[in-house]
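This briefing takes up the pairing of strands in a sheet, the packing of a helix on that sheet, and the surroundings of two ligands. Please keep the structure open while reading.

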Amino acid sequence: MPGTCIIGLQWGDEAKGKIVDLLTQQHDIVVRYQGGANAGHTVVVGDKIYKLSLLPSGVLTSGVTCVIAGGVVFNPAKAIEELDELQSRNVEDCDNLKISDRVHVIFPWHFAEDRVHDSNTSDGENIGTTQRGIGPCYGDKVGRSYAIRLGDLYRDTFRKQVIHNTKEKNRTLAALLPKDEFRPLDADTIFEQYREYAERLKPYVADTTEYLLSAAEAGKRILFEGAQGALLDVDHGTYPFVTSSNSSGVGVSNGSGVPARYINKVIGIVKAYTTRVGGGPFPVEQDNEIGQQIRDQGNEYGTVTKRPRRCGWLDTVAVRYTSRLSGVDSICLMLLDVLSGLEELKICTAYEIDGVQTTTFPSHIDDLRRVQPIYETLPSWQEDLTQAQSLDDLPQAALNYVDRVSQLIGIPIEMVSVGPARSQTIPVGSSPLVTATP
Ligand code: GDP
Ligand code: IMO
Ligand code: MG
């Protein structure tokens, strides 16, 4: 009974979508269980590129059931847009989608609140959210008074909820926004629009907690698709420059409703360097020519917001922390090809703070802001790696890099990725990823 989790171990965009896609064929069910349309997971199948924000990446493989579990904050318009797009591209298998009636629904006021709050931080540095209403929707979920779950959309009380929320949200938004920027929300319009969404999505809505529990008990193979990365975890990441859900391995059970006893493998996804989108401390950032070279070679621009991603060297202090936090068994080292052609390579092995060396990841961002990364320099390679099919095809310097990363993180590397395509995947040892169809 394998329950496998795919968890990003940095600040997101580690190429989780590629690995989920590769592993989907060996599973019966693929589950998104936290986050929402702030995610942008890219899957490349032959000459087709799919960018999924809300639907699990397993949706591209036929015969697999895809689940959006209760821990997700759900934008119905985005889900419909993705379903329509997939259908227009002849991905037929969307029938096997189940959306939890427990997901909290994102409403227009959440987008407005995201804009207001993210330009109003106390220390002047914005979180730089994706503006997808994620934080405000999770805020309402925890606050309870204004929360609306997908199951509520099918009840007679839904109109009353919308009228109540619209009135209250207009009141607070009017107080927060400059007069010329405030546009009152209209309850009737929202009600009609969301009733339409509800009708369209009705065939997919289900009690996914019950479904997943029964599936786990019956020994079905479940793949949990983490969104974001562990350093963005609301409890254990670089708070407050985080997202609003548990995006590290600790979030799998609470988001999906599947207890930890059914999870028997956690795969950590790690980029061969580091990227971050939005604000917040980033000790290994290379805000210079090296960072620009990595950005250009890795095409490091946001999948969702198209923002240029901040780029830097690999930080093994951070990744060792997040791999322990997520209970990682093995690592997929992604985008190794992007490092070709650099003059030399650096890996951060420790931090220095106030003259003291440490390998402990600081719990407070003020400390993280002050750390000086300590680097080890490794020889680079000039060869193009994108055609490599096995470790034997990699230059010695690349092999050394992979080995050293594994040593420093203290976790075996199960797979190395040298390009976006399924076939650009090199197994290390007896990885199950080798069975993937190109
Ligand atoms: P996710 O959010 O973790 O799924 O990652 P994103 O899709 O946001 O970003 C990863 C990007 O890297 C996508 O454009 C992928 O197609 C691409 N990609 C995945 N693996 C590799 C790789 O090994 N090398 C290169 N060059 N690109 C890759
Ligand atoms: P995937 O799943 C990278 C970042 C945002 C911002 C912070 C909070 O594709 O890896 P939010 O909108 O969640 O309130 O924004 O989190 N962020 C991501 N960065 N990849 C993601 O998802 C992200 N989802 C959110 O840039 O800094
Ligand atoms: Mg992404």
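In this predicted model, M415 has P427 in β20 as its bridge partner, and this pair belongs to the contact between β19 (residues 413–417) and β20, two antiparallel strands joined by three bridges. The points below go from the sheet as a whole to its β10 strand, and then to the ligands.

**The sheet and its edges**

- The sheet is open and has ten strands, which follow the order β9-β7-β5-β2-β10-β1-β11-β15-β19-β20 with mixed pairing.
- Because β9 (205–206) and β20 (425–427) each have a single partner strand, they stand at the edges, and one side of each is left without a neighbour in the sheet.
- Helix α1 packs on this sheet, where it touches β1, β2, β10 (222–225), β11 (265–271), β15 (330–334), β19 and β20, and its direction makes an angle of about 165° with that of β1.

**Strand β10 and its two partners**

- With β1, strand β10 pairs in the parallel sense over four bridges, and within this pairing G3 stands opposite I222.
- With β2, strand β10 likewise pairs in the parallel sense over four bridges, and here E225 of β10 is the bridge partner of R32.
- Both faces of β10 are covered, since I222 and F224 on one side are buried, as are L223 and E225 on the other.
- As a general background to this arrangement, side chains in a regular strand alternate between the two faces of the sheet.

**The magnesium ion (ligand 3)**

- The protein donors of the magnesium ion are D13, through OD, and G40, through O, and they lie 2.1 to 2.2 Å from the ion.
- D13 lies in the loop between β1 (3–8) and α1 (16–24), whereas G40 lies in the loop between β2 (29–32) and β3 (41–45), so the pair ties together parts that are 27 residues apart in sequence.
- D13 is partly exposed, with a relative accessible area of 22%, while G40 is buried, with a relative accessible area of 11%.

**Ligand 1**

- Ligand 1 is surrounded by 18 residues, and the closest of these are K16, G40, T42, D337 and S417.
- G40, named above as a donor to the magnesium ion, also has a polar backbone atom 2.8 Å from an oxygen atom of ligand 1.
- Further oxygen-to-backbone distances for ligand 1 are 2.8 Å to a polar atom of A15 and 3.1 Å to a polar atom of E14.

Definitions and conventions. Residues are numbered from 1 along each chain as its sequence is written. Chains are lettered from A and ligands numbered from 1 in the order in which they are written. This is a predicted model: local features need pLDDT of at least 70, side-chain atom pairs count only at pLDDT 80 or more; totals for chains, interfaces and linings use all residues. Side-chain values use heavy atoms; hydrogens and water are left out. Donors are N, O and S atoms within 2.8 Å of the metal (3.2 Å for Na, K and Ca); water is not among the atoms, so sites may look incomplete. Buried means under 20% relative accessible area, exposed over 50%, partly exposed in between (1.4 Å probe, protein chains only). Two strands pair if DSSP finds at least two bridges between them. Contact means heavy atoms within 4.5 Å. Axes are lines fitted to C-alpha atoms, for helices over the stretch in contact, and angles run from 0 to 180 degrees between N-to-C directions. A residue is near a molecule or strand if one of its heavy atoms lies within 4 Å of it. A polar contact is a pair of N or O atoms within 3.5 Å; within protein, one must be able to donate a hydrogen and the other to accept it, and residues adjacent in sequence count only if both atoms are side-chain atoms.
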